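Student: Could we go through this model together and check why each label is used?
Tutor: Gladly. Have a look at it, and then ask away.

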There are 2 protein chains.
Amino acid sequence: MVTIDRQEPNLGVLLFVAYRELEQRAHDAVIAAGVTDITMAQARVMARIGAHGTRVSDLAVQARVTKQSAAFLVEQLEKAGYVERVPDPLDGRARLVRLTSQSDEVVAVANAEVAQVLGEWTGQVGLGRLRQVHQTLLELCELID
Amino acid sequence: MVTIDRQEPNLGVLLFVAYRELEQRAHDAVIAAGVTDITMAQARVMARIGAHGTRVSDLAVQARVTKQSAAFLVEQLEKAGYVERVPDPLDGRARLVRLTSQSDEVVAVANAEVAQVLGEWTGQVGLGRLRQVHQTLLELCELID
DNA sequence: TGATTTAGACAGATTATCTGTCTAATCTGA
DNA sequence: TCAGATTAGACAGATAATCTGTCTAAATCA
């Protein structure tokens, strides 16, 4: 019997709070920078688009939504000009979703705010322990995915 | 400049994956146990109800939604019999949301599945490192909340 | 090559979420 | 003490996000 938990707040809540803080702060920063037409759900999908493009079905898996939901969000982002869809040269059925240059500023602002938050977190627990968390979660995610 | 990140997958994504795995596995287990009328959003609120009851506005803050959204989810849970609302003896405006005995089985199943997942995670990274993550997140959440 | 799987599009329904407004109770400060 | 500000929650309405189900075309597999 593993007894890491049982006392509140449990690990699930803690993971949620930390995850949500990072997401909300990044989103708030983007809004503050004048980009007001990207929702959190859209941003969640956007954040999972790889450098060379990602399929909608892969985005769906990574964002933990159905592919229909992911497709809906990608459609909004495309209409707003933040992403484009190009044919996948390796698979005639598929299309790769890619960030457009219009997203560059958004990504930069979001990354800067994430760095800011991580700085605050480092001030609280130290860089070593934050890196331990990162490394451990990395190994856990390998198990999960 | 903090450089814990910059390489994918970043900490935000890792936190999301771990959080979501725990939440989804717990929810799946509850469904598998025959309780099919609790949604993930409802469960998210339910999981934040304290032993002696919690106000809707506090649930809203903890679940990171508006109090209207929290009230809506509590209303569904109340209709389904999983929670009840009682007057708060300390504040005439407020009502405390409490779990009913009908929730006992749900909580037990969810807790058992969480323990199962944590066991799997322990197998992957060891108990010590999992506890480190828990402790560090605890301190980060103090900063955040 | 025929059967199965996969990627995505399309349609429709439901759920979750928000903003805005209102009342009553509590708290605060002069 | 009391008037103003704040807080808890209810009510209404709108929008966003999400799901299930179905379909076609392309790829994979046996």
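**Labels and the values behind them**

Tutor: Let's start with A:His27, which, apart from its neighbours within four places in sequence, is in contact with A:Ile38, A:Thr39, A:Met40 and A:Ala43. Keep in mind that this is a predicted model.

Student: Why is A:His27 called buried?
Tutor: Its relative accessible area is 13%, and buried means under 20%, so the label fits. The residue lies in helix H1 (residues 11-32) of chain A.

Student: What makes the pair of A:His27 and the backbone oxygen of A:Ile38 a polar contact?
Tutor: A polar atom of the A:His27 side chain lies 2.7 Å from that backbone oxygen. The cut-off for N or O atoms is 3.5 Å, so the distance qualifies.

Student: Now the DNA. How do you know that A:Thr39 makes a polar contact with a phosphate oxygen of DNA strand D?
Tutor: A polar side-chain atom of A:Thr39 is 2.6 Å from the phosphate oxygen, and the limit is 3.5 Å, so the pair counts. In chain B, a side-chain N or O atom of B:Ser57 lies 2.4 Å from a phosphate oxygen of the strand. Elements giving two or more residues to the surface near DNA strand D are helix H2 (40-46) and helix H4 (67-79) of chain A, along with helix H3 (56-63) and helix H4 (67-79) of chain B.

Student: Which of these elements gives the most to the surface near DNA strand D?
Tutor: H4(A) does, with four residues. In total, 22 residues surround the strand. Of the atoms of DNA strand D within 4 Å of the protein, 62% belong to sugar and phosphate.

Student: How do you know that the length of helix H1 (residues 11-32) of chain B agrees with what is expected?
Tutor: At 1.5 Å a residue, its 22 residues should span 32 Å, and the end C-alpha atoms are 31 Å apart, so the two agree.

Student: What makes B:Asn10 a cap for H1(B)?
Tutor: A side-chain oxygen of B:Asn10 lies 3.0 Å from the backbone nitrogen of B:Gly12, at the N-terminal end of the helix. After the helix comes B:Gly34, with a positive phi near 100°. The helix itself is mostly covered, with 18 of its 22 residues buried.

Student: Why is the pair of A:Glu78 and A:Arg85 called a salt bridge?
Tutor: Their side chains meet at 2.7 Å, N to O. The limit is 4 Å, so the name applies. Both ends are partly exposed: A:Glu78 has a relative accessible area of 26%, and A:Arg85 has 26%.

Student: And why are A:Arg93 and A:Asp91 labelled exposed or buried?
Tutor: A:Arg93 has 75% relative accessibility, and exposed means over 50%, so A:Arg93 counts as exposed. A:Asp91 has 12%, under the 20% cut-off, so A:Asp91 is buried. The two side chains form a salt bridge at 2.9 Å, N to O.

Student: What makes B:Asp91 and B:Arg55 a salt bridge?
Tutor: Their closest N and O atoms are 3.6 Å apart, and that is within 4 Å. The pair links distant parts of the chain, 36 residues apart: B:Asp91 is in the loop between strand E2 (83-87) and strand E3 (95-99) of chain B, and B:Arg55 is in strand E1 (residues 54-55) of chain B.

Definitions and conventions:
Residues are numbered from 1 along each chain as its sequence is written. Chains are lettered from A and ligands numbered from 1 in the order in which they are written. This is a predicted model: local features need pLDDT of at least 70, side-chain atom pairs count only at pLDDT 80 or more; totals for chains, interfaces and linings use all residues. Side-chain values use heavy atoms; hydrogens and water are left out. A residue is near a molecule or strand if one of its heavy atoms lies within 4 Å of it. A polar contact is a pair of N or O atoms within 3.5 Å; within protein, one must be able to donate a hydrogen and the other to accept it, and residues adjacent in sequence count only if both atoms are side-chain atoms. The expected span of a helix is 1.5 Å times one less than its number of residues. Buried means under 20% relative accessible area, exposed over 50%, partly exposed in between (1.4 Å probe, protein chains only). Contact means heavy atoms within 4.5 Å.
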